[in-house]
Amino acid sequence: MDDKMLARIEGDPNYRALVKERTAFGWTLAIIMLVLYYAYIAIVAFIPSVIAIKVTGTITVGIFLGAGLIVLSILLTGIYVARANSRYDDLTRAIVASATGVAK
Amino acid sequence: MSRALRLAGPLGVLASPAFAAGPIEAGTRQAVDWSAILIFAGFVALTLGITYWAARRTRTAKDFYAAGGGVGGFQNGLAIAGDYMSAASFLGISALVYTGGYYGLIYSIGFLVGWPIIMFLMAEPLRNLGRFTFADVASYRLAATPIRAMAATGTLVTVAFYLIAQMVGAGQLIELLFGLPYLWAVIIVGVLMVIYVTFGGMIATTWVQLIKAALLLGGSTLISFLVLQKFGFDFNALIAKAVEVHSKHEAILLPGPQVANPINAFSLGMALMFGTAGLPHILMRFFTVSNAKEARKSVFWATTFIGYFYILTFIIGFGAIVLVLTNPDYHVGGDVKAALLGGGNMPAIHLAHAVGGNLMKGFIAAVAFATILAVVSGLTLSGASAVSHDLYASVIRRGKVDEGTEVRVSRITTLVLGVVAIVLGVVFEKINVAFMVGLAFAVAASANFPVLFLSMLWSGLTTRGAVIGGFVGLISALGLTILSPGIWEAVLGYPKGSAWFPYVSPALFTMPLAFLCCWVFSVTDKSARAAKERAAFEAQYVRSQTGIGIDAAAAH
C-alpha cells in the first residue's frame, strides 16, 4: 500500500465511519463482558456465600450466574456478527472498491 | 479374540503385553476393554487415512501451516472448538467438580468468557495482518528478529505446559482402559501425533479436529442426557442428590477453598479469560480462513459449540458425584473412600460406564482419546511453526530460506516435540490436568496476549517495549508458577506451605506487569527505529481494518 492510497483510504468517509462505529461497538460489548465477568469473580472472591444461595429448589445463584455468563457470551458474539455481516461488510466493500478502483 | 486383535491393528498388538502384566497390576488397572479398543482403532484408522490423503495435498508452506487458507467459517469454528475443548476440559473439569463441586465450574465459565473478547477486539485484525503464526502479526511493523524470538519462546512455553496436561490425561486414560503401562500409553499418543502433523500438516490436523469435536459434542450430549434421564430430567434432583452423597455436602455449592482468597479468584479469572486470546494453537487457526468475515464466523461458531459444551460440564460433573463417588466398583479395592481406578482425572469415564455400561464407556474413552490426540496435534503444529517459521526462517536465516526447507524444519521439530512431550508426560504423571492447563493460560495471558494486543491496537508500541514486556511477562509468569504450590510442593516435593508464591495463578500480577513494561519501554524509546515503527502503524491499522493488501501478502 503506497502513501497515496493510504491517504485516500483515510480520507474516505466510509473508512472513518467503519473505524469509528466498529471500535465503539466492539469496545462497548467487550466492556459489558469484562464488567459482568469480573462482577461474577468479585462475588466468588468477596461474598462466596451468595454463590450457594438457592434460587429454585437446590439450584443456586452460582449455577444461574455461570450458565447466564455462558449464554451471554454466545449472544453477544452473535449480535456482533449480525452487525458486522451487514453494516461493516458493506462499508468495507465500499472502501475497497473506491480505493482499488481509483488506483487503476 | 484373534479377530478383534487383528482389527485393532497396531494398538491391539501394543495392547497384548498387558495380558502378561495384568495379574500383577490388577489392583490399579482394569481388564482390557475390547469395545473401547475397537472404537479407538476405528478412529486411528480413519485419521491415519485422512492423514495419507492430506499428505498428498500438502505441497506449499501455506498448505502445511494454514491448510491452504481456504477453510470455511463454520468448519473452522468447529475446528477451533476441537482445539479448545481439550482433555483438560472434559476429564479435568469433571474431575474438579467431582472433588470440589462448584470450584470446577469457575473453570468452565472462565474458559468461555475470553471468546467474546477475541471476537470484539482481535479476530478481524488478526486475520487481516497475519499469515501463519501470531508472530507474523506482532512483527508486522516491528523488528522481525527480536519479536519473533520472543513470540516463539512464548509459544513453546505455552505449548509445553498444555502438552503436559494432554499427555497426562492420555496416559491415565489408556492405562485405565487397555491395562497398558502409563509410559506406553504416552508413547502411543506421541507417535500418532507426530505422524498426523509431519505428514498431514494443518489439513490433517483440521480434519482430526473436526471429527473429534463432533464426537466430543455428541458424546457429552449423550452422557448428559443419560444422567438427566436417571433423575427424570430434574436438574434440581441431581444437585440435591450430589449434595447429599458428597462428603463436603452443602459446601460443594460454594466456590471452594482454592479461591477463598480474592487474589486467587481474580488471578485465575484473568488467566482463563485473557489466556484464551494468547494461545498460539488457537491463534494459528485464524490464518486458515480466507478473510475477516470467515474469521468472525469462526469465532461465533466456536463460542456456540464451546459454550454448549461447558454447560454440559455442569451436568457431567455433578452426575459424576452422584453416580461414581458412591459406587465401590469404580474405586481401588472396592472401597468408596479409596482413590478412583485409573487416577483422579477419570470421573467422566466412570460416569459413562455408570449410565451406559461397557459400550458407552468404550465410546467415551475413545472420544476422550481422540480429543487428546487432536489437541496435541494442534499444539505440536503450532510449536513446530514457531520453530520453523519464526525461529529458523526469520531469526536464523533472516528470511533467506525456501519454503521446502522451512517445512522440512517444521517436520523435524515435530519429531523433537513428540519426544519432549513423552518425557514431560512421564515427569508430570501425577498432576491434575485442568490445573496444568490453567498454568498454560497464565503464560499465554502474560507473554503472548499483551504483545499481540498492543501491536495491533496501540500505535506507540515499539520493538524494545514489545520484547522487554513480552519477556518480562513470560519469565515472571514462569518463575511464579514454579514457585507456586502446584509445582514447588506437588512436583518438586518441598514441604507444604514452603512455596514462595502462595497463589494458584500468577496472571493477576504478571499480565499487568507485562503491559506496564511494554508501555514504559516503548514511550521511553527515542531511537530512530522506534519513530519509524510508530509511523508505520497508520498503514498497518488501515490494513487491519479493511484487509486491503492481504492477498498480495499471502502470495509472496
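The exercises below concern a predicted model of two chains, A and B.

**Exercise 1.** Determine how many residues each chain gives to the contact between chains A and B, and which element of chain A gives the most.

*Solution.* Begin with the totals: chain A contributes 43 residues to the contact and chain B contributes 48 residues. Next, consider the elements of chain A. Those that each supply at least two residues to the side touching chain B are helix H1 (3-11), helix H2 (13-46), helix H3 (48-51), strand S2 (59-60) and helix H4 (61-103). Of these, H4(A) gives the most, with 20 residues. Finally, sort the residues on this side of chain A by character: 30 are nonpolar, 11 polar and 2 charged.

**Exercise 2.** Classify the relative direction of H2(A) and H7(B) from the angle between their axes.

*Solution.* The axes of H2(A) and helix H7 (residues 102-129) of chain B come within 8 Å and cross at roughly 165°. An angle over 145 degrees counts as roughly antiparallel. The two helices, H2(A) and H7(B), are therefore roughly antiparallel to each other. The crossing of H2(A) past H7(B) is left-handed. To complete the picture, list the residues that form the contact. H2(A) provides Gly26(A), Leu29(A), Ala30(A), Met33(A), Tyr37(A) and Val44(A). H7(B) provides Ile106(B), Val113(B), Pro116(B), Ile117(B), Phe120(B) and Leu121(B). By character, the residues of this contact are 11 nonpolar, 1 polar and no charged.

**Exercise 3.** Check the span of helix H16 of chain B against its number of residues, and then describe how H16(B) packs with H15(B).

*Solution.* Helix H16 (residues 403-427) of chain B has 25 residues, and at 1.5 Å a residue it should span 36 Å. The expected span uses one less than the number of residues. The end C-alpha atoms of H16(B) are 36 Å apart, which agrees.

Turn now to the packing. The axes of helix H15 (residues 347-396) of chain B and H16(B) are 8 Å apart, at an angle of about 130°. H15(B) and H16(B) are therefore oblique to each other. H15(B) passes H16(B) in a right-handed crossing. Among the contact residues are Gly383(B) and Ser388(B) of H15(B), and Thr413(B) and Gly418(B) of H16(B). In this contact, 8 residues are nonpolar, 9 polar and 1 charged. The buried residues of H16(B) include Glu406(B), Thr413(B), Leu417(B) and Gly418(B).

**Exercise 4.** Decide whether Ala67(B), Gly72(B) and Phe233(B) are buried, partly exposed or exposed.

*Solution.* Count the C-beta neighbours: 20 or more within 10 Å make a residue buried, 12 or fewer make it exposed, and counts in between make it partly exposed.

- Ala67(B) has 27 other C-beta atoms within 10 Å and is therefore buried.
- Gly72(B) has 15 neighbours inside 10 Å, so it counts as partly exposed.
- Phe233(B) has 11 neighbours inside 10 Å, so it counts as exposed.

Then locate the residues. Ala67(B) is in the loop between H4 and H5 of chain B, and Gly72(B) is also found in the loop between helix H4 (61-66) and helix H5 (73-84) of that chain. Phe233(B) lies in the loop between helix H10 (182-230) and helix H11 (235-245) of chain B.

Lastly, examine the backbone. Most residues other than glycine have a negative phi. Ala67(B), although not a glycine, has a positive phi of about 50°. Phe233(B), likewise not a glycine, has a positive phi of about 55°.

Notes. Residues are numbered from 1 along each chain as its sequence is written. Chains are lettered from A and ligands numbered from 1 in the order in which they are written. This is a predicted model: local features need pLDDT of at least 70, side-chain atom pairs count only at pLDDT 80 or more; totals for chains, interfaces and linings use all residues. Two residues are in contact if their C-beta atoms, placed from the backbone, lie within 7 Å. Helices (H or I, at least four residues) and strands (E, at least two) are DSSP runs, numbered from the N terminus. Ala, Val, Leu, Ile, Met, Phe, Trp, Tyr, Cys and Pro count as nonpolar, Asp, Glu, Lys and Arg as charged, and the others, Gly among them, as polar. Axes are lines fitted to C-alpha atoms, for helices over the stretch in contact, and angles run from 0 to 180 degrees between N-to-C directions. Angles under 35 degrees count as roughly parallel, over 145 as roughly antiparallel, 65 to 115 as roughly perpendicular and the rest as oblique. A crossing is left-handed if the near helix is turned anticlockwise from the far one by less than a right angle, and right-handed if clockwise.
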